[in-house]
Amino acid sequence: MYFNPSQISLAGRAFSHAEKLAGRYYRLGDANLNDLRYDVNTLAGLEKHEVSENAFAHLCRYHYQAEREPTKTGGFHFYRICLQDNRILDAVNRACSFIKLPPLLLYIAAHELVHVIRFDAGEGSFDVSPEEKEQEEKRVHKITRQMLSPVIYPDLKIVLDCFGDRLSIGDMFN
Ligand SMILES: [Zn+2]
């Protein structure tokens, strides 16, 4: 099950909205936001290793090194937020009228951006033990809740209530 074109553009809008919210929360200017090295892909465009059976999104980190200087240390990290269309649509369909796609996508976008911002700032680590990942996941969930709680958005509250209770994104445990 893949996102249709209008669901793909909905996901794009969710990320622009989440960027604004994250920018406000972290007091980042446009320049800082533009410096965040990440992109977003949906299931149809994912590589095999970017697909996850039990997550709403899979966060992948890639390291880029300047081609001319392969021996030099440095380079930079780049994050790819891999949306798992089928899992997301399944949650919406399964929960019937409770979970709606737009607020679910907004939650996922905000949550993933918090990860990226924290990794970028060195506040969270990517390569750590499962226990530490779980701690980081809890912190990110808490921050995402704080960031989204003042936002007036249809059916967002039910999504916030479900996460941490019966829904989890699953992004850090792949
Ligand atoms: Zn997460």
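## A walk around the sheet

Start with the whole protein chain in cartoon view: this predicted model has six helices and three strands. Colour by secondary structure and follow the chain from its start; the elements come in the pattern α-α-β-β-β-α-α-α-α.

Stay zoomed out for a moment. Along the principal axes, the C-alpha atoms occupy a box of roughly 55 × 35 × 35 Å. The radius of gyration is 16 Å, in agreement with the value near 16 Å for a compact globule of 174 residues. If you colour by burial, buried residues account for 26% of the 174 residues. A contact map is worth a glance too: of the contacts between residues at least 6 apart in sequence, 77% join residues at least 24 apart.

Now select the strands. They make an open sheet with mixed pairing, in the order E1-E3-E2. Pick residues 38-41 for E1 and 57-64 for E2: these two strands stand at the edges with a single partner strand each, so one side of each has no neighbour in the sheet. Look along the sheet to see the twist, which averages 20 degrees from one strand to the next.

Next, add residues 76-83, strand E3, and show the backbone: E3 and E2 pair in the antiparallel sense over eight bridges. For a closer view, select Tyr62 and find its bridge partner in E3, Phe78.

Which helix packs on the sheet? Select residues 101-120 and you have helix H4, which touches E1, E2 and E3. Draw its axis alongside that of E2, and the two directions make an angle of about 30 degrees.

Notes. Residues numbered from 1 in each chain as written. Predicted model: local features only at pLDDT ≥ 70, side-chain atom pairs only at ≥ 80, totals over all residues. Pairing = 2+ DSSP bridges. Helix = DSSP H or I, 4+ residues; strand = E, 2+ residues; numbered from the N terminus. Axes fitted to C-alpha atoms, helices over the stretch in contact; angles between N-to-C directions. Contact = placed C-beta atoms within 7 Å. Rg over C-alpha atoms; globule rule 2.2 N^0.38 Å. Buried ≥ 20, exposed ≤ 12 C-beta atoms within 10 Å, placed from the backbone.
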